[in-house]
Structure formats: structure tokens, C-alpha cells
Amino acid sequence: MGFRPNSSTIDNIFIVRQIFQKSHEHNINLYNTSVDYTRAFDSVHSNKVIECLKEFDVPDKLIRLIALTLIHTRARVKVNRDFTEEFILKCGVKQGDPLAATFFSLVIDTILKQMELGGNITTHLKQCIAYADYILLTTRTKQSLLDTFQKLKEIPAQYGLIVNGQKTKYLRCRRKSYKLEELQIDSMYVEQVQSYKYLGSTVNSDNSIEEEIQYRTTLGNKAY
């Protein structure tokens with residue numbers, strides 16, 4: 001989802017809330033991680049973008065034209081009235097370019113296809129819900145979360161995307177109370193929280209929407 005017609009944040013928020021709600025109704029535990037990548041649009045390797053275009057069978061002529069804007073391009077930084085020496089840009093999809101969002105979406109789609117995440121959460125242990133670079137990983141077991149998260153670190157790293165451990169959060173959904181603890185994956189520690197913002201909407205461990213309703217009511221009062 002993301003940057004496409006009829007694929008707004010509302011759709012992803014609805015999907016997440018349905019998964020949380022049905023799991024809560026049937027007393028199914030969920031292990032969720034919101035994965036954040038450091039400067040995602042500026043970090044993706046330019047040559048990987050070209051490889052993804054080839055995988056999607058984009059005409060060679062268009063690929064050559066796009067490569068002229070991404071590969072071996074040079075830039076200078078203006079400081080006051082002076083310019084630095086030229087340097088070669090090897091990464092980034094040039095935010096502001098009309099094609100930048102499309103390039104990034106193709107890269108994310110290529111990465112997720114390597115994750116083997118077919119089916120849905122009712123029949124599979126893991127599911128990935130992505131909106132551009134905002135990715136929510138939800139699984140039925142903690143081990144499945146650890147294994148899949150490891151792939152979400154290693155595979156995107158080949159494309160230049162590095163997980164931001166400070167902004168990545170771990171949320172466990174279950175009816176019974178539990179003790180908060182950090183999620184350790186290799187040398188990375190992911191903070192466990194009881195709620196966080198998903199695409200601007202608050203989701204939490206007990207599937208309550210009271211906090212979200214109160215937040216929206218406050219915004220409405222401020223507007224008036």
C-alpha cells in the first residue's frame with residue numbers, strides 16, 4: 001500500500017484493527033513489531049532500484065532513461081555563497097521527484113516477495129502489513145516474530161535499508177496482563193510498549209479504542 005490509487009492509510013488501519021479485534025475475540029496472542037528504517041528514501045541503493053525495474057519488466061528504454069537520473073549522478077552542497085566539491089550520489093530516490101514514490105514501492109515489494117508471506121494470519125504464523133516504508137510485522141508466536149524480523153533486517157540491508165532500533169517498537173497483544181520486557185534480536189534491543197501510533201492511529205495491547213476516541217475528540221475540540 002501507499003502512493004497508489006485506492007490504497008490509503010485508512011485501509012491499512014482497518015486491516016490492523018480487524019486482525020487485533022478477531023484475535024482478541026478468539027483469545028489468540030499476537031506478537032507485533034513496527035519496523036522503522038533509517039532515512040529509508042535517502043538510503044536505498046540506486047543500482048538496486050534499477051534491478052527492481054528489470055524484475056518488473058519495465059521497458060529497457062525507460063530503464064535507461066531512469067538510470068541517467070540515478071546512476072553516477074553528481075551533486076554539490078551550497079554553504080552560504082560557496083559550493084563544495086562534486087561528489088557522486090550512490091543512494092536515494094530523490095524525494096520530490098514524481099517517480100520517487102513508485103521507485104521506493106517497487107523496492108519494498110521486491111523485498112517482501114522474498115519474505116514468503118503468502119496467505120493470511122488465520123492460516124499462517126506471520127503476516128506483514130506495509131505502507132511505503134512503514135511496516136508492521138504481526139505473528140502468532142514469539143519465535144516466528146524473531147525469525148521474520150531477522151529477515152526484515154538482513155534482506156533490506158542488501159538494498160541499503162537499515163533498521164532504526166530506537167524507533168522500532170514491540171507490542172504484544174493478549175487478554176492477560178504481562179510484564180514489559182525488551183525484545184532482543186542479535187545485538188539489537190527493541191523496546192516493548194503497550195500502545196503506539198500506527199499511521200496516525202493508536203493501537204494497543206488490549207484492543208481498546210478508548211484512547212483513540214479521546215485523542216480524536218481532543219483534536220476536534222482544538223479545531224473548534
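Tutor: A pocket is an open set of points on a 1 Å grid, with protein on both sides within 12 Å along at least five of seven lines. The model in question is predicted.

Student: What volume does the largest pocket have, and which residues are closest to its centre?

Tutor: The volume is about 370 Å³. Its lining has 19 residues, and those closest to the centre are Met1, Ile108, Asp109, Leu112 and Ala130. Two or more lining residues come from each of H1, helix H5 (100-113) and strand E6 (126-131). H5 provides the largest share, 6 residues.

Student: How is the lining of the largest pocket divided by class?

Tutor: The lining residues are 12 nonpolar, 4 polar and 3 charged. Met1, Ile108, Leu112 and Ala130 count as nonpolar because Met, Ile, Leu and Ala are in that class, while Asp109 counts as charged because Asp is in the charged class.

Student: What makes an empty space a cavity and not a pocket?

Tutor: In a cavity a 1.4 Å probe fits but cannot get out, whereas a pocket is open. The count of cavities of 30 Å³ or more comes to 2. The largest has a volume of about 40 Å³, and the second largest about 30 Å³.

Student: Which residues line the largest cavity?

Tutor: Phe20, Ser23, His24, Asn27, Ile28, Asn29, Leu30, Cys173, Arg174 and Arg175 do. H1 gives the largest share of this lining, 3 residues. By class there are 4 nonpolar, 4 polar and 2 charged residues. Arg174 and Arg175 are charged by the rule, because Arg is in the charged class.

Student: And which residues line the second largest cavity?

Tutor: Phe20, His24 and Cys173 are in this lining, along with Asn204, Ser205, Asp206 and Asn207. Phe20, His24 and Cys173 are also listed for the largest cavity. The division here is 2 nonpolar, 4 polar and 1 charged.

Student: Why is the pair Glu25 and Lys22 called a salt bridge?

Tutor: The rule asks for a side-chain nitrogen of Lys or Arg within 4 Å of a carboxyl oxygen of Asp or Glu. In this pair the closest N and O atoms are 4.0 Å apart, so the pair is at the cut-off and is counted. Glu25 and Lys22 are 3 residues apart in helix H1 (residues 9-25), so about one helical turn separates them. With 42% relative accessibility Glu25 is partly exposed, and Lys22 is partly exposed at 39%.

Student: How do you know that Glu212 and Arg216 form a salt bridge?

Tutor: Their closest N and O atoms are 2.6 Å apart, which is within the 4 Å cut-off, so the rule is met. Both lie in helix H7 (residues 210-223), 4 residues apart, or about one turn.

Student: What makes Glu212 buried or exposed, and Arg216 buried or exposed?

Tutor: Buried means under 20% relative accessible area and exposed means over 50%. Glu212 has 6%, so Glu212 is buried. Arg216 has 52%, so Arg216 is exposed.

Student: What can be said of Lys48 and Glu51?

Tutor: They form a salt bridge, with the closest N and O atoms 3.5 Å apart. They sit 3 residues apart, about one turn, in helix H3 (residues 46-55). Lys48 is buried because its relative accessibility is 18%, while Glu51, at 36%, is partly exposed. The count of salt bridges is 6.

Student: How do you know whether Leu137 is buried or exposed?

Tutor: Leu137, in strand E7 (residues 134-139), has 0% relative accessibility, so it counts as buried. Beyond neighbours within four places in sequence, Leu137 contacts Tyr31, Asn32, Thr33, Gln127, Leu145, Thr148, Phe149 and Leu152.

Student: What makes a set of residues a nonpolar core?

Tutor: They must be buried, belong to the listed residue types, and be joined through side-chain atoms within 4.5 Å. The largest core has 41 residues, and Tyr37, Val49, Leu53, Phe149, Leu152 and Leu161 have the most contacts inside it. H5 gives the most to this core, 8 residues. Apart from it lies another core of 16 residues, including Ala132, Leu136, Cys173 and Leu199.

Student: Which residues does Tyr37 contact, leaving aside neighbours within four places in sequence?

Tutor: Tyr37 is in contact with Asp133, Ile135, Leu152, Pro156, Leu161, Ile162, Val163 and Asn164. Among these, Leu152 and Leu161 are also listed with the most contacts inside the largest core.

Methods: Residues numbered from 1 in each chain as written. Predicted model: local features only at pLDDT ≥ 70, side-chain atom pairs only at ≥ 80, totals over all residues. Heavy atoms only, no water. Buried < 20%, exposed > 50% of the residue type's maximum accessible area, 1.4 Å probe, protein only. Contact = heavy atoms within 4.5 Å. 1 Å grid on protein atoms, 1.4 Å probe; cavity = no way out; pocket = protein on both sides within 12 Å on 5 of 7 lines; lining within 4 Å. Points joined across faces, edges and corners; volume = space filled by probe spheres on them.
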